[in-house]
Amino acid sequence: MLSTALTLAAPGAGRAQDLGPGAKSADEQAARLEGQLTLDERLGLTHGVMALPLLPGFVMPPAAIPGAGFVAGVPRLNIPPLWETDASLGVAWIGGRRGDGATALPSGLATASTWNPGQARAGGAMIAREARSKGFNVLLAGGVDLARDPRNGRNFEYMGEDPLLAGVLTGEAIEGIQSEHVISTVKHFAFNDLETGRDFHNAVIGEAAARESDLLAFEIAIERGRPGAVMCAYNRVNGPWACESRALLTSTLKQDWSYPGWVMSDWGAVHGLQSALAGLDQQSGSQLDDKVWFDAPLRAAVANDPADASRLSDMDRRILRSMIQVGVIDHPPVKGAIDAVADEAVARGVAERGIVLLLNRNGLLPLARSVGRIAVIGGHADLGVISGGGSSQVAPAGGPALSLPMGGEGLAATFDLAMYQPSSPLKAIRALAPAAKVTYDNGIYPSAAAELARRSDVAIVFATQWQGEGMDVPDLSLPEGQDALIAAVAAANPNTIVVLETGGPVAMPWLDQVGAAVEAWYPGARGGEAIAGVLFGDVNPSGRLPITFPADVDQLPRPAISAAGLRDDASIGPRRETPPAYDVDYTIEGSDVGYRWFARKGLKPLFPFGYGLSYSRFSYGDLKVGGGKTVTVSFTVKNVGSRPGADTAQVYLTSGAGDGQQRLLGWSKLDLRPGEEKTATVVADPRLLADWDSAAHGWRIAGGVYQIFVGASAADRALVGSALVAPGQLRP
Ligand code: BGC
């Protein structure tokens, strides 16, 4: 009987509304299934383990696959276990399945730089296919914490600083993952915007600012992607831990947003049973917490209080509902080989469209294939491209080209690796310029590198910045003396091109001396080829920055990170001690994250949000702005260059009803042949015109004249216009 109901569940995209006529909704099926569970089974679904034999005495459950997490199923009712793996950038290996490689996508910031929902979706579907073929049915993906600080050590996993861009692209990635019948999370809910002290710092932010920034990114990602699960964060938010915040988990997520899925904790983020009553549905990686709170303590609570018993039913229904909705019951994972060629093509596509051309003096790029002598310097470019450390790190089949331990003690050391994907930029450059004399210098001695540059027609310096989970970077400099290396090479040869493989923004004290600069982020499994393609013009760069590059840390809301240097190893192993909480004051910038802060303060960044050059040029015209309930903006985009290329025209609000503030309202990414012109139309999500009204508990649009501009970045007011907007109220 049960399996009939389940077979009806969720064909195709596995969504509840895809059920055929007469079929029971995922909610109804989940309720019926939950009604058949014994108390042991009910409790069993609400907690899992970290499926890695890292801690003494831990016995791997026989059905577990080494990976991030495992939650036992209920075989008698055909409910499969949850086999959970990280993450947004590919199927991570985190040391548990040595040799079982996967395809690394470029970093989240690279995906965000494409400003292309289809690219995000394709990347999500690719990692989900690989996850399924390794036996997993849950991806701990969907990282959408906003880049409030360019030094946050996990920015590279996320989608940048703007709630609309980050929300849309994360939602699409989730949609791609779940289209393959793999449940995706969205994480880390919420305000895990710094790694320093993440296990105990308290993010302080006002209600309106919270709703208009990070929470809006989550809201949009959840609406678009409908993830089966939400992962709550390590840190505290306005007092309580995120994983026991009733305000976040129950009032906002489940009540205001009507979220029907389940909330799982981050690994080692549960501090007591009170989290269940606050809205947490599942304790993940429970051996990392002080107790398996959702086992014996929850059993005792349920025996004593009917309210706790009904909470337990709700927890289970939510888990089962997502399993049914996404189709993990009807479409179990099938183990097999990954299609590396196809999957690497997806990763390469993201890298090619996510690379951002920052500077191109006198048309130095693209390089002619006839260039005679090329110096390639530094960054281990002879071997591969760097990736970020932590739970999201993906090891390629055949192993990394290079894996450098980066320190860290105890369990953290397992995750602190600068791993290089075996996609050598040097080899790719040689392949595209077979007649050139291409010489490599490791860049260890600036004087030797400069000498090679002097004897070359062009010098390409590869600069890397490793970042990893559990730590922030202390400043924006390139580590290991690379700024000095670039300056020395540029002094020797003005035709110096800097290729950055960084986790996030860096300062560029040498910018005035170099000929070109390219931000390649962590470019993934085929990053070397993607970089070479851009350098030689096989790929016309179209990436746009999803994060502001400050000129200096003094421009930031917090020039110094509180308690900088507090490396948070505790969350990766059992908590040794919980240092006292301290506040991180996000009320300084409030919802003015990134470019909005720069606009508010009138600061000029090194490179603005939305910025990126092309080998073509584009012009905008014929602006029309309509008002009413929202703002509708149309305009033309013309390729006035000589190469086909893609442009990302952006629409920003600059003031609403007399209230000056900059917000991205939308964008249009268009492929254009030389001379071709297209019309773009952007309709603003009314929430972006609104302010959060705490008293009315909803969005409020003040009536009046709204000023907008269209441009190629947050700092480019190419076309300006305005429209009359009607006053309005919107539900949360
Ligand atoms: C990270 C999560 C990850 C989990 C499981 C935690 O340390 O914060 O993003 O999904 O580990 O590996």
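**Exercise 1.** In strand E17, which residues point one way, which point the other way, and are they buried or exposed?

*Solution.* The model is a predicted one, in which local features need pLDDT of at least 70 and side-chain atom pairs count only at pLDDT 80 or more, while totals for chains, interfaces and linings use all residues. Residues are numbered from 1 along each chain as its sequence is written, and side-chain values use heavy atoms, with hydrogens and water left out.

Begin with the general rule that side chains in a regular strand alternate between the two faces of the sheet. In E17 (residues 516-519; strands, E, of at least two residues and helices, H or I, of at least four are DSSP runs numbered from the N terminus), Ala516 and Val518 point one way, whereas Ala517 and Glu519 point the other way. All of these residues are buried, a term for under 20% relative accessible area, with exposed meaning over 50% and partly exposed in between (1.4 Å probe, protein chains only).

**Exercise 2.** Identify the strands that pair with E17 and the sense of each pairing.

*Solution.* Two strands pair if DSSP finds at least two bridges between them. Strand E9 (residues 356-360) pairs with E17 in the antiparallel sense over four bridges, and in this pairing Val356 stands opposite Glu519. Strand E16 (residues 496-502) also pairs with E17 over four bridges, but in the parallel sense, and here Ile497 has Ala516 as its bridge partner.

**Exercise 3.** Describe the packing of helix H5 against helix H13.

*Solution.* Two packed helices are described by the angle between their axes and the distance between the axes. For H5 (residues 117-133) and H13 (residues 340-354), the angle is about 150° and the axes lie 10 Å apart, where axes are lines fitted to C-alpha atoms, for helices over the stretch in contact, and angles run from 0 to 180 degrees between N-to-C directions. The two helices are therefore roughly antiparallel, since angles over 145 degrees count as such, under 35 as roughly parallel, 65 to 115 as roughly perpendicular and the rest as oblique. The contact (heavy atoms within 4.5 Å) involves several residues, including Met126 and Arg129 of H5 and Val346 and Arg353 of H13.

**Exercise 4.** Where does Gln421 lie, and is Gln421 buried or exposed?

*Solution.* Gln421 belongs to strand E13 (residues 417-421). With a relative accessible area of 2%, Gln421 is buried. Leaving aside neighbours within four places in sequence, Gln421 is in contact with residues among them Ala104, Leu383, Val394 and Gly524.
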